[in-house]
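The following exercises are to be worked with the coordinates at hand. Each task is followed by a solution in steps.

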Amino acid sequence: MNELLDVLLASLRDGYVQVSAFVAVTVLAFGLVQYRTDGALIAAIEDNERLQVLFGGLLGLTPGCGGAIVVMPLYVRGTVSFGTVVATLGATAGDSAFVILALAPEAALYAYAVAFAASVMTGYLVDSVGLGVSRVDAAVARLSPAARPDGGTAVNGGVTPNPAHDYCGPAPTHAHETGPDRRSRILTPLSHLAHVAWWGAAIAGLVLGTIYLLRGGPEVALEVGVGFDGLFTVVGIAGAVLSLYLYLIGRHYVGEGEIARARDSFTSVYDTLTHAAMETSFVTVWVLVAFLVYEYAVLLTGVNVATLAAAAGVLAPIGGAAVGLIPGCGPQILLASVYAEGGLPFSALTANAIAQDGDALFPLLAVDARAAVVATIYNFLPAVVVGVALDLLWGPVFGMAEFGFGVL
């Protein structure tokens, strides 16, 4: 029981400091751009249909998941294409980008450039020729006929797709609605106080998380104190608990009842801060679920996916791509750390960079699970092709070492 509790507390702590604090900063950065430009960023993406895929890839390429998280609600409301979603998720490096940029900057430059090119190309192909997406969509629907968040209906064992999710082009617009702003003498001021405290934890978590990455992602003891390990634990658990409160209760009392929805603009800096906090809290809940599932699976089975990928030889890039299928940034950060220690070839790192969706997949999973699964499949395929090609060609053609390339 002590070990199970340790995993729970460590997952709460690590999920917040290693992931959520960085997500908060990137989501806030894009929100402030929206506020300062009065919605020009999203308007530019929505109005330039031919460049949407490229814009999505560029947003996904930014370290962390904030840029990609901006795109997912745009697809939900129907103003960007499914190819844009594929390109964004494929180019997303998530928070593992911070690890590789700190420990292997040259490898990061090559890996993420390849991931960007492959993802944008795949996105344009999806939008222009379809690549059989409708068939994959129907197959995914048959696997779970009772769970179709997009509203499709089953007819004679088949699927009648909802026209709002035409994967070959933009869907009809869904109007954004701000959630109910409830009032309570106790919960309203408490929720605003929790929101302010959450940002205090986010700033502290960002500082601690940056130090953690610069140190190479060392083991951090689960303890309470004024040292690095103690502050890492206290800030992480406090931030995670505040995130859970804001997601479950607080968002209804600060005017952000609806989550995973695009905002055209913001009325004030505080409104921008509130939206960023609520969106990040929503992502945090899913990140914690992913962390707990992964950590408990490792604890109960003894299987370490990063170790398996390292021992796979020529199959290593397939293993790296398979790790990328796991939602969230936890397993990807682990794989990036293993690469930096010389335990993985460059081909596996690149395949993982293409296949992983970071935390940006969570908003889409919550609102349209079928689209999220289909997009993940379409990121996995180029990840395997590019990864295996690099494994076969990287050393012989470019004369660079497969293991440890670019590691400081």
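**Exercise 1. Aromatic rings**

Identify the residues that ring pairs link into a cluster, and state how many aromatic pairs the whole structure holds.

*Solution.* Step 1. In this predicted model, ring pairs join Tyr16, Trp198 and Trp199 into a cluster.

Step 2. A search over the whole structure returns 5 aromatic pairs.

Step 3. One of these is formed by Tyr212 and Phe232, with ring centres 5.5 Å apart. Their planes stand at 40°, which lies between the limits of 30 and 60 degrees, so this pair is tilted.

Step 4. Tyr212 belongs to helix 9 (residues 187–214) and Phe232 to helix 10 (residues 228–248); with their positions 20 residues apart, the pair links distant parts of the chain. Tyr212 and Phe232 are both buried.

Step 5. Phe232 also pairs with Phe228: the centres are 5.6 Å apart and the planes at 45°, so this pair is tilted. Phe228 and Phe232 both belong to helix 10 and are 4 residues apart, about one turn of the helix. In general, an α-helix has 3.6 residues a turn, so residues three or four places apart point the same way. Phe228, like Phe232, is buried.

**Exercise 2. Charges over rings**

Determine which rings have the charged end of an arginine over them, and at what distance from the ring centre.

*Solution.* Step 1. For Phe228, the residue is Arg215, whose charged end sits over the ring at 4.4 Å from its centre.

Step 2. For Tyr247, the residue is Arg251, whose charged end sits over the ring at 5.0 Å from its centre.

**Exercise 3. Helix lengths and helix ends**

Compare the expected span of helix 1 with the distance between its end C-alpha atoms, and do likewise for helix 7.

*Solution.* Step 1. Helix 1 covers residues 2–37, a run of 36 residues. The expected span is 1.5 Å times one less than the number of residues, so 52 Å is expected for helix 1. The end C-alpha atoms are 51 Å apart, which agrees.

Step 2. Helix 1 nevertheless contains a kink of about 40°, centred on Ser20. After the helix comes Asp38, with a positive phi near 55°.

Step 3. Helix 7 (residues 105–129) has 25 residues, so the expected span is 36 Å. The end C-alpha atoms are 36 Å apart, in agreement with that value.

Step 4. The buried residues of helix 7 include Ala107, Ala111, Tyr112, Phe116 and Val126. Just after helix 7, Gly130 adopts a positive phi of about 85°.

**Exercise 4. A covered helix**

State how many residues of helix 4 are buried, and locate Pro73 with respect to that helix.

*Solution.* Step 1. Helix 4 is mostly covered, with 11 of its 11 residues buried. Among them are Gly66, Ile69, Met72 and Tyr75.

Step 2. Pro73 lies within helix 4 (residues 66–76). The relative accessible area of Pro73 is 6%; the cut-off for buried is under 20%, so Pro73 is buried.

Step 3. Pro73 and Val367 are separated by 294 residues in sequence, while their C-alpha atoms are 9.0 Å apart in space.

Step 4. Gly78 follows helix 4 and has a positive phi, near 90°.

**Exercise 5. Buried polar residues**

Are Thr92, Asp95 and Gln34 buried or exposed? Give the location of each residue and one distance that involves it.

*Solution.* Step 1. Thr92 occupies the loop between helix 5 (82–91) and helix 6 (96–103). At a relative accessibility of 0%, Thr92 counts as buried. The side chain of Thr92 reaches the backbone oxygen of Thr88 at 2.6 Å.

Step 2. Asp95 is likewise in the loop between helix 5 and helix 6. Asp95 is buried, its relative accessible area being 1%. The C-alpha atoms of Asp95 and Cys65 are 6.9 Å apart, although 30 residues separate the two along the chain.

Step 3. Gln34 is situated in helix 1. With a relative accessible area of 3%, Gln34 is buried. The C-alpha atom of Gln34 is 8.8 Å from that of Thr272, a residue 238 positions away along the chain.

**Exercise 6. The whole chain**

How many helices and strands does the protein have, and what percentage of its residues is buried?

*Solution.* Step 1. The secondary structure comprises 17 helices and 2 strands.

Step 2. Of the 408 residues in the protein, 53% are buried.

Step 3. Among contacts with a separation of 6 or more, 80% are between residues 24 or more positions apart.

Definitions and conventions:
Residues numbered from 1 in each chain as written. Predicted model: local features only at pLDDT ≥ 70, side-chain atom pairs only at ≥ 80, totals over all residues. Heavy atoms only, no water. Phe/Tyr/Trp six-rings, centres within 6.5 Å; stacked < 30°, edge-to-face > 60°. Buried < 20%, exposed > 50% of the residue type's maximum accessible area, 1.4 Å probe, protein only. Lys NZ or Arg CZ within 6 Å of the ring centre and 35° of its normal. Bend = angle between axes of the 7 residues up to and from the residue. Polar contact = N/O pair within 3.5 Å; in protein donor to acceptor, adjacent residues only side chain to side chain. Contact = heavy atoms within 4.5 Å.
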